[in-house]
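Q: Please take one part of this model and look at it closely, as you would before planning work at the bench. I would like a connected account that starts with that part and then moves outward to its surroundings.

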Amino acid sequence: MIPADHPRYRSLVTRERLADCARKGVVAMEGLTAHGRGEAFDYLLGERTTTSALLAEKTAAAMLMAAHHPVISVNGNTAALASREIAALQKASGALVEVNLFHRTEERVAMIEKILTRAGADVFSGEAERLLPLSHDRAWCRRQGMFSADVILVPLEDGDRCGALAGMGKQVIAIDLNPLSRTAQRATLTIVDELTRALPEITRACTGLSETDRTRLLSTADNHYLLSEAIREITLRLSHALD
Ligand code: PTJ
């Protein structure tokens, strides 16, 4: 049992949840190492939503609200950590929720869809086809879902699909704590923040922003600026680490 007064309580509970979901097969074993990498970057960022991340979250909301066919892509880690937050964002944005996996099995897809449905999401399921130009199994998606989307939110992504989706002319919003990752570099917009902090901020902004705010955010969106701000925050924190 993890004592509630442990200084790393939240982090330990999250790890326990992920390990439990990995044992059940919801989270891929590789998802545990992906989480560890995320934790390391979150540590460097001070485990908080930075000013530039909040700007990215508001911009993401503006992009989702302006989209004709927005889709939220969900993998194992996202379902384990944030299925309720995904359901809330779907309600606020009207986006379609679709499962897309790197370590894909029909069994995992079904388990993740069930978790999302239980959390209140309306999951777009049914016949998947190999539609994306990728040699691995993230190529599998639904023709009326991800394949037809104009804006896609991809939490915890691998860079290949992000690049493929952008190459298909789609706007890709990534949530990734690593500002140096291929995903972060290839996305239209990268939110360098922890998933469970980022999703509620996007949801809040979907309902809270005025039309004027959204237009301004869309016209000033600049991923290079957002990434360089994230790197600046990390550098600043490191340079004052022993003060
Ligand atoms: O469920 P599957 O089969 O689709 O597999 C999912 C994983 C996560 C295993 C797969 O997408 C993968 O291998 O991802 P990568 O390439 O390791 O990328 C994951 C990225 O997410 C890394 O750059 C991490 O820094 C980042 N990350 C990890 N946990 C979080 C995170 N970013 C935000 N919030 C987190 N909680």
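**A close look at helix α4**

A: Helix α4 is largely enclosed by the rest of the structure, because 14 of its 18 residues are buried, where buried means under 20% relative accessible area, exposed means over 50%, and partly exposed covers what lies in between, calculated with a 1.4 Å probe on the protein chains only. The model is a predicted one, in which local features need pLDDT of at least 70 and side-chain atom pairs count only at pLDDT 80 or more, while totals for chains, interfaces and linings use all residues. Residues are numbered from 1 along each chain as its sequence is written, and side-chain values use heavy atoms, with hydrogens and water left out.

Helices and strands are taken as DSSP runs numbered from the N terminus, a helix being H or I over at least four residues and a strand being E over at least two. On that basis α4 covers residues 76-93, and its end C-alpha atoms are only 22 Å apart, short of the 26 Å that a straight helix would reach at 1.5 Å a residue; the expected span is 1.5 Å times one less than the number of residues. The helix also bends by about 90 degrees at A82, the bend being the angle between axes fitted to the seven residues ending at a residue and the seven starting there.

Both ends of α4 have a feature of their own. At the N-terminal end N75 acts as a cap, with a side-chain oxygen 3.4 Å from the backbone nitrogen of N77; a polar contact is a pair of N or O atoms within 3.5 Å, and within protein one atom must be able to donate a hydrogen and the other to accept it, residues adjacent in sequence counting only if both atoms are side-chain atoms. After the helix comes G94, whose phi is positive, near 75 degrees. Within α4 lies E85, which counts as partly exposed at 25% relative accessibility. The C-alpha atoms of E85 and L116 are separated by 9.8 Å, although the two residues are 31 apart along the chain.

The start of α4 leads to the ligand, since a polar backbone atom of G76 is 2.9 Å from one of the ligand's oxygen atoms. A ligand oxygen also lies 2.8 Å from a backbone N or O atom of F102, and a side-chain N or O atom of R138 is 2.9 Å from an oxygen of the ligand. On its own the ligand has 750 Å² of accessible area, and the protein covers 93% of it; these areas come from the Shrake-Rupley method with a 1.4 Å probe, and for residues only the protein chains shown count as cover. The elements that give two or more residues to the shell around the ligand are α2 (29-45) and α4, with α2 providing the largest share, 6 residues.

In total 23 residues surround the ligand, and the closest are F102, H103, R108, R138 and E194, a residue being near when one of its heavy atoms lies within 4 Å. By class the shell has 7 nonpolar, 7 polar and 9 charged residues; Ala, Val, Leu, Ile, Met, Phe, Trp, Tyr, Cys and Pro count as nonpolar, Asp, Glu, Lys and Arg as charged, and the others, Gly among them, as polar.

Some loop residues round out the picture. E47 is in the loop between α2 and α3 (51-66), and it has a positive phi of about 50 degrees although it is not a glycine; at 35% relative accessibility E47 is partly exposed. L156, in the loop between β5 (151-155) and α6 (159-167), likewise is not a glycine but has a positive phi of about 50 degrees, and its relative accessible area of 26% makes it partly exposed. S135, in the loop between β3 (129-130) and β4 (140-141), counts as exposed at 73% relative accessibility.
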